[in-house]
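Colleague: I am new to this structure and would be grateful for a close look at a single part of it, namely the side-chain pairs that hold it together. Please take the pairs in turn and give your reasoning as you go.

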Amino acid sequence: MRWYACPLQGRRRMNLQLSSALLLGADVLRSLNPQSPQARAIFNLGIVTAIVLAVIFAVVVAIVVYALVRFRQRKGEGDPEQKAGYLPIEIVWTVIPFVIVTVLFVLAARTMGISDPAPPPNPDLVIIGHQWWWEARYTKSGVIAANEIHIPVGKPIALKLDSADVLHEFWVPELARKMTTVPGHPNHMWLQADKAGTYLGFCSEFCGTQHAWMHFLIVAEPQENFETWENAQLAPAAVPVTENARKGLALFEQMSCVNCHAIEGTTASASVGPNLTHFASRRQLGAGIVANTPENLRRWLTDPQKVKPGAKMPDFKFTSEQVTDLADYIETLK
Ligand code: CUA
C-alpha cells in the first residue's frame with residue numbers, strides 16, 4: 001500500500017492535526033446526546049454498563065484497601081498460615097461475575113434488537129463512501145445526492161452501505177451506530193431522527209489524506225418538506241439563462257468535468273465525483289470543508305487543492321474568466 005504524504009507542512013499541518021483531534025472529541029460528545037430510539041438504546045446500555053463497571057471498581061478498591069490495612073504485616077509477625085483453597089469464596093467469585101456477564105449479555109442483546117433490527121430486502125437509501133465524500137441514492141425516487149442527506153423525521157430509514165474505493169465508516173453520533181462501508185460487501189443499518197434538525201455525520205475510519213474532511217449532513221424534516229426537497233432534487237438541471245452561465249455550461253461539457261461529474265440533462269453523466277444537478281441547493285462544499293458560497297465555489301474552481309489538499313479533483317488551471325463562467329453556471333443548479 002502506498003502511504004499518502006501529507007501535503008501540509010509545519011504549523012499548518014499541526015493545526016490540521018489539532019483540529020482533527022478536537023473534532024474527534026466533539027464527535028464523541030455528540031453520541032452522549034441521542035436523538036433517535038436506536039441511539040438512545042445504545043446510550044442507555046452505555047450508561048448501565050458504566051454504572052456496573054463503576055460499582056465493580058469501587059467494590060474491588062474497597063476490598064483491596066481493607067485487606068491492605070486490616071491484614072498488613074505487624075512487627076514480629078511471620079508469614080500467615082497457608083491454605084490450599086476455600087470453597088465458599090471460590091463459588092462466590094465465580095457466580096458473581098457470571099451473573100454480571102449474563103445480565104450485560106441480555107441487555108446488549110436487547111439493545112441490538114432495538115438499534116439494529118434485521119434489514120428489509122429493499123433499502124430506502126444506498127450510501128456509498130468515496131474518497132472523500134458521500135453519495136446517497138434514494139431507491140424509491142431515484143434521487144442522487146451528495147454529502148447532504150435528507151430524511152423524513154420520525155421514520156426508520158433502512159440504509160445499505162457500500163464503498164467505491166477503500167474502507168470508510170458512516171457515523172451520525174446523535175442518531176445511530178457506526179457502520180463500516182466495505183467495497184463489494186454491503187452492510188446495513190437503520191437511521192432515524194426524532195426531531196427535525198440538521199445532524200452532523202463523519203467518516204470514522206481512516207481512509208486517506210482527507211479522512212478528517214469527509215463530513216455529511218443529515219437533514220431530518222417533516223414528511224411534506226422532505227417530499228418537496230425530493231421533488232426539487234428530481235427536477236432536471238436548471239437551463240442557464242445568462243451569457244456567462246451559458247459559456248460555463250459549454251466549458252463544463254468541453255473540459256474534463258464530464259469525466260467525473262453528472263448533471264442531469266447535459267452530456268455529463270459520470271459518477272466518480274458528486275452529482276452536481278442540484279449542487280447549489282447544498283449547504284456545504286467539499287464534504288463540509290467550507291460553506292457552499294459563491295466565493296468558496298470560485299476558490300474551489302481556481303484550485304481545489306488549496307481548499308482541500310489531496311482531493312481527487314485536480315487543479316485545472318482555469319483562467320479567472322473560465323472560473324467566473326463555470327461558477328455562474330454551477331450557481332444556477334439550485
Ligand atoms: Cu472515509 Cu475516513
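Modeller: A residue is called buried if its relative accessible area is under 20%, exposed if that area is over 50%, and partly exposed in between. The model is a predicted one. Glutamate 148 has a relative accessibility of 6%, and it therefore counts as buried. Its side chain meets that of arginine 283 in a salt bridge, with 3.6 Å from N to O. This pair links distant parts of the chain, 135 residues apart: glutamate 148 belongs to strand E4 (residues 148-152), while arginine 283 sits in the loop between helix H6 (257-260) and strand E11 (284-285). Arginine 283 itself has a relative accessible area of 40%, so it is classed as partly exposed.

That bridge may be set beside others, for the whole structure contains 10 salt bridges. One of them joins arginine 40 and aspartate 194, whose closest N and O atoms are 2.1 Å apart. Because arginine 40 lies in helix H2 (residues 37-70) and aspartate 194 in the loop between strand E8 (187-191) and strand E9 (197-203), this pair ties together parts that are 154 residues apart in sequence. Arginine 40 is partly exposed at 33%, and aspartate 194 is likewise partly exposed at 32%.

Another salt bridge is formed by aspartate 124 and lysine 140, with 2.6 Å between the closest N and O atoms. Aspartate 124 comes from the loop between helix H3 (87-115) and strand E1 (125-130), and lysine 140 from the loop between E2 and strand E3 (144-146), so the parts tied together are 16 residues apart in sequence. Here aspartate 124 is partly exposed, with a relative accessible area of 23%, whereas lysine 140, at 69%, counts as exposed.

Lysine 308 presents another case: it is buried yet has no salt bridge, and the nearest side chain of opposite charge, that of aspartate 165, is 11 Å away. Lysine 308 is placed in the loop between helix H8 (304-307) and helix H9 (320-331). A polar atom of its side chain does lie 3.0 Å from the backbone oxygen of tryptophan 132. Leaving aside residues up to four places away in sequence, lysine 308 touches Trp132, Gln210, Trp213, Gly286, Ala287, Ile289 and Trp300. A further lysine, lysine 178, lies over the face of tryptophan 171, at 4.5 Å from the ring centre.

The rings also pair with one another, and there are 10 aromatic pairs in the whole structure. Among them is the edge-to-face pair of tryptophan 134 and phenylalanine 216, with 5.4 Å from centre to centre and 65° between the planes. Since tryptophan 134 is in strand E2 (residues 133-138) and phenylalanine 216 in strand E10 (residues 216-221), the pair ties together parts that are 82 residues apart in sequence. Tryptophan 134 is buried, at 0% relative accessible area, and phenylalanine 216 is buried at 0% as well. Phenylalanine 216 also pairs with phenylalanine 170: the ring centres are 4.5 Å apart and the planes are at 20°, so this pair is stacked. Phenylalanine 170 lies in strand E6 (residues 168-171) and phenylalanine 216 in strand E10, so parts 46 residues apart in sequence are tied together. Both phenylalanines, 170 and 216, are buried. Trp134, Phe170 and Phe216 thus appear as one aromatic cluster.

Key: Residues numbered from 1 in each chain as written. Predicted model: local features only at pLDDT ≥ 70, side-chain atom pairs only at ≥ 80, totals over all residues. Heavy atoms only, no water. Phe/Tyr/Trp six-rings, centres within 6.5 Å; stacked < 30°, edge-to-face > 60°. Helix = DSSP H or I, 4+ residues; strand = E, 2+ residues; numbered from the N terminus. Buried < 20%, exposed > 50% of the residue type's maximum accessible area, 1.4 Å probe, protein only. Lys NZ or Arg CZ within 6 Å of the ring centre and 35° of its normal. Lys, Arg positive; Asp, Glu negative; His and termini not counted. Salt bridge = Lys/Arg side-chain N within 4 Å of Asp/Glu carboxyl O. Polar contact = N/O pair within 3.5 Å; in protein donor to acceptor, adjacent residues only side chain to side chain. Contact = heavy atoms within 4.5 Å.
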